[in-house]
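Subject: The structure I promised you

Hi there,

Here is the structure for you to open and turn around on your screen. Have a look first, then read on for what turned up in it.

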Amino acid sequence: MSVSGIPVLNYHAIDNNEANLSSRNVSVSLASFKEHAAWLHQQGYSSVGKDELRDIVLNGKKPNGKRVLFTFDDGYYSLYKYAMEILGQYGFTATLFLSTSFIGKPYEQKDFDFVSHDRQLTWEEIKVLVANGWSIQSHGYNHFRLNSLSHEDLVREVVLSKQIIEQNLGTVVDEFAFPYGIYTNNVIQELKKAGYKMAYSVHSGLLQSGGRRYRLPRIEINNMDTMDTFITKVTTGYISPSNERRSKIRDIIYAHPAVKDMIEKWTPMFGFGNH
Ligand SMILES: [Zn+2]
């Protein structure tokens with residue numbers, strides 16, 4: 001099989017109680033997560049390293065074999081409790097996109113990610129993830145929608161979140177994942193000014209060498225996925241053939257993020273959405 005791109009998998013939390021899972025809940029079950037990791041290992045996938053990823057995205061190099069990138073958003077305790085060990089069994093690592101204002105706090109249900117029965121990670125736990133090879137990157141400070149902020153608030157989300165992680169961990173933060181997948185051309189310009197090298201959307205597709213570095217694709221894995229839909233997402237980057245057609249048209253139309261801004265401003269019914 002030729003290497004057609006890297007699946008960037010977008011998870012949130014892991015729950016060992018199936019009764020907690022619903023279509024509104026973005027956790028995946030512990031059993032499913034174990035199956036996902038085992039299948040990827042059995043198929044010969046390994047985690048893309050940070051330097052290799054840079055070469056692929058920034059320098060247009062090809063992946064050196066079958067690669068996958070596990071990503072987790074927000075920063076839930078279940079990553080420390082379950083994901084770290086399961087991924088570690090197969091030599092996989094992951095990138096955690098952290099919303100820094102939540103760290104160490106009890107779980108509060110928010111309007112975005114419906115994750116019940118979990119809490120936010122502490123810095124001590126995050127340091128253990130780092131020691132296990134995880135990369136900790138930014139998902140903003142307050143998990144705000146970045147298209148509706150004042151300039152001052154946008155700069156805080158982009159700059160403060162990076163500084164807090166760098167100061168607490170002594171690592172480099174130069175990747176960003178947009179809360180809700182929402183971004184504008186202005187957001188991308190602020191990321192560049194702050195020193196970010198790449199950013200992840202929730203656009204479908206596989207990550208290609210030399211791809212759009214501030215709008216890299218990621219595909220959400222959730223508890224509605226069966227093993228069949230998981231395999232389709234990993235191997236194609238899309239949920240379905242119709243999702244693939246729509247996404248490819250959108251990618252052409254949204255060639256420049258400023259064009260996307262204009263379309264979203266003037267024709268909200270255009271409806272290509274994020275996926
Ligand atoms: Zn999020």
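How much accessible surface does the protein chain have, and what share of it belongs to carbon and sulfur atoms? The accessible surface is about 12,200 Å², and carbon and sulfur atoms hold 52% of that. Please keep in mind that this is a predicted model.

**The overall picture**

Let's begin with the whole chain. Its secondary structure adds up to 9 helices and 10 strands. Along the principal axes, the C-alpha atoms fill a box of roughly 45 × 45 × 35 Å. The radius of gyration is 18 Å, which agrees with the value near 19 Å for a compact globule of 275 residues. Of those 275 residues, 51% are buried. Now take the contacts with a separation of 6 or more: 66% of them are between residues 24 or more positions apart.

**The zinc ion**

Next, find the zinc ion. Which residues are its protein donors? They are Asp 74, through OD, plus His 139 and His 143, each through NE2. These donors lie 2.1 to 2.2 Å from the zinc ion. Along the chain, their spacing reads D-x64-H-x3-H.

Are the two histidines buried or exposed? His 139 counts as buried because its relative accessibility is 1%, under the 20% cut-off. His 143 is buried too, with a relative accessible area of 3%.

**Salt bridges**

In general, side chains of opposite charge can pair when their charged atoms come close. How many salt bridges does a search of the whole structure find? The search finds 15, and here are some to click on.

Start with Glu 52 and Arg 67, whose side chains meet in a salt bridge at 2.8 Å, N to O. This pair links distant parts of the chain: Glu 52 is in helix α2 (residues 50-59) and Arg 67 is in strand β5 (residues 67-74), with their positions 15 residues apart in sequence. Glu 52 and Arg 67 are both buried.

Then go to Glu 190 and Lys 193, where the salt bridge is 3.1 Å, N to O. Both residues are in helix α6 (residues 185-194), and because they are 3 residues apart there, about one helical turn separates them. Where do the two partners stand on accessibility, buried or exposed? Glu 190 has 7% relative accessibility, so it counts as buried. Lys 193, at 64%, counts as exposed, since the cut-off for exposed is over 50%.

Another pair is Lys 233 with Asp 225, whose closest N and O atoms are 2.9 Å apart. Lys 233 is buried, and Asp 225 is buried as well. Salt bridges can also share partners, and that is how Lys 50, Arg 54, Asp 174 and Glu 175 are joined into one network.

**One more residue to look at**

Finally, try Arg 250, which is in helix α8 (residues 241-253). Arg 250 counts as buried because its relative accessibility is 1%. How far is Arg 250 from Val 26, in sequence and in space? The two are 224 residues apart in sequence, and their C-alpha atoms are 25 Å apart.

That's the tour, so happy exploring!

Cheers

Terms used:
Residues are numbered from 1 along each chain as its sequence is written. This is a predicted model: local features need pLDDT of at least 70, side-chain atom pairs count only at pLDDT 80 or more; totals for chains, interfaces and linings use all residues. Side-chain values use heavy atoms; hydrogens and water are left out. Donors are N, O and S atoms within 2.8 Å of the metal (3.2 Å for Na, K and Ca); water is not among the atoms, so sites may look incomplete. Buried means under 20% relative accessible area, exposed over 50%, partly exposed in between (1.4 Å probe, protein chains only). Helices (H or I, at least four residues) and strands (E, at least two) are DSSP runs, numbered from the N terminus. A salt bridge is a side-chain nitrogen of Lys or Arg within 4 Å of a carboxyl oxygen of Asp or Glu. The radius of gyration is taken over C-alpha atoms; the globule rule is 2.2 Å times the number of residues to the power 0.38. Contact means heavy atoms within 4.5 Å. Accessible areas come from the Shrake-Rupley method with a 1.4 Å probe; for residues, only the protein chains shown count as cover.
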